[in-house]
Amino acid sequence: MNFPELSVLRPDLAFIAHWIPAGSQVLDVGCGDGVMLDYLQTDKACNGYGIEIDDARIPECVARNVSVIQQDLEGGLAMFEDNAFDNVLCLSALQMVKDVEGILREIARVGREATVSFPNFAYWSHRVALLRGRMPVSKSLPYEWYDTPNLRCATIKDFEALANDVGLDVLECVALHEGRPVTFLPNWRGSLAVFRLKKK
């Protein structure tokens, strides 16, 4: 896989990939089908592991030659030593876990840096849906309220405060919409929040 294909397939991942230095040791928490690790291994000579619980995603990771551990996110990081990875990725998965604070503390423990992304609940169309008395449904939050895997809803400002509480400095925060950075009114116009973090 090359970078243009990643840009077409997942423009958010293509943007995030430029933050990961070549040759890094990477842990992808909630790696899904393994497309991000596949790109990082193939095009940036990175090494690492993915953690994924979904039975259907494991064969897809294996087909991409991604080393994947089938494990729940909330228990999967305990097997790794402190500072075992240069970068820990948690991309559009954090909102699906119960113990968000605990996961962030574990991410900070096992990684020197972290990259976290999640749907921005403060995105303008989400606010409009709530004003109309309905739960938001969008590309970044594609489920109805009754069948969503998302347990948590957060805004950019919410996450920044929590990251500081668990000992992470925000190196960069970017709001994306359809894979492109939003600079004007990012908390209003960005559907996906992306944070680059480092231990304090």
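Start with the largest pocket: its lining has 19 nonpolar, 10 polar and 11 charged residues. Keep in mind throughout that this is a predicted model.

**Stop 1: the largest pocket**

The pocket encloses about 1,200 Å³ of space. To centre the view, select R10, L91, S92, Q95 and M96. Of the 40 lining residues, these are the closest to the pocket's centre. Next, colour the secondary structure. Four elements give two or more residues each to the lining: α2 (11-17), α3, α5 and β6 (168-177). Which of them gives the most to the lining? Pick α2, which supplies three residues.

**Stop 2: the largest cavity**

Now look for enclosed space. One cavity of 30 Å³ or more is counted. The largest cavity has a volume of about 30 Å³. Select Q95, P119, F121, L141, R152, C153 and A154 to show its lining. How does that lining divide by class? Five residues are nonpolar, one is polar and one is charged. Q95 deserves a label here. It belongs to the cavity lining, and it is also among the residues closest to the centre of the largest pocket.

**Stop 3: the R64 network**

Turn to the charged side chains. The structure holds nine salt bridges. Select D33, D38 and R64, which are linked in a network of salt bridges.

Take R64 and D33 as a pair. Their closest N and O atoms are 3.7 Å apart in a salt bridge. R64 sits in the loop between α4 (58-63) and β3 (68-70), while D33 is in the loop between β1 (25-29) and α3 (35-44). The two residues are 31 positions apart, so this pair links distant parts of the chain. Now swap D33 for D38. D38 also forms a salt bridge with R64, with the closest N and O atoms 3.7 Å apart. D38 lies in helix α3 and R64 in the loop between α4 and β3, so the pair ties together parts that are 26 residues apart in sequence.

Switch on the surface. Is D38 buried or exposed? D38 counts as buried, at 11% relative accessibility. R64 is partly exposed, with a relative accessible area of 24%.

**Stop 4: D82 and R109**

Select D82 and R109 next. Their side chains meet in a salt bridge, at 2.8 Å from N to O. This pair also links distant parts of the chain, 27 residues apart. D82 is in the loop between α5 (73-76) and β4 (85-91). R109 is in helix α6 (residues 100-110).

Keep the surface on. D82 has 51% relative accessibility and counts as exposed, because the cut-off for exposed is over 50%. R109, at 21%, counts as partly exposed.

**Stop 5: N187**

Finish at helix α9 (residues 186-189), where N187 is found. N187 counts as buried, at 17% relative accessibility. Where does its side chain reach? Draw a distance from the N187 side chain to the backbone nitrogen of I156: the value is 3.4 Å.

Then show the surroundings of N187. Leaving aside residues up to four places away in sequence, N187 touches N120, A122, Y123, R127, T155, I156 and K157. I156 is thus on the contact list and also supplies the backbone nitrogen that the N187 side chain reaches.

Definitions and conventions:
Residues numbered from 1 in each chain as written. Predicted model: local features only at pLDDT ≥ 70, side-chain atom pairs only at ≥ 80, totals over all residues. Heavy atoms only, no water. 1 Å grid on protein atoms, 1.4 Å probe; cavity = no way out; pocket = protein on both sides within 12 Å on 5 of 7 lines; lining within 4 Å. Points joined across faces, edges and corners; volume = space filled by probe spheres on them. Nonpolar A, V, L, I, M, F, W, Y, C, P; charged D, E, K, R; others polar. Salt bridge = Lys/Arg side-chain N within 4 Å of Asp/Glu carboxyl O. Buried < 20%, exposed > 50% of the residue type's maximum accessible area, 1.4 Å probe, protein only. Polar contact = N/O pair within 3.5 Å; in protein donor to acceptor, adjacent residues only side chain to side chain. Contact = heavy atoms within 4.5 Å.
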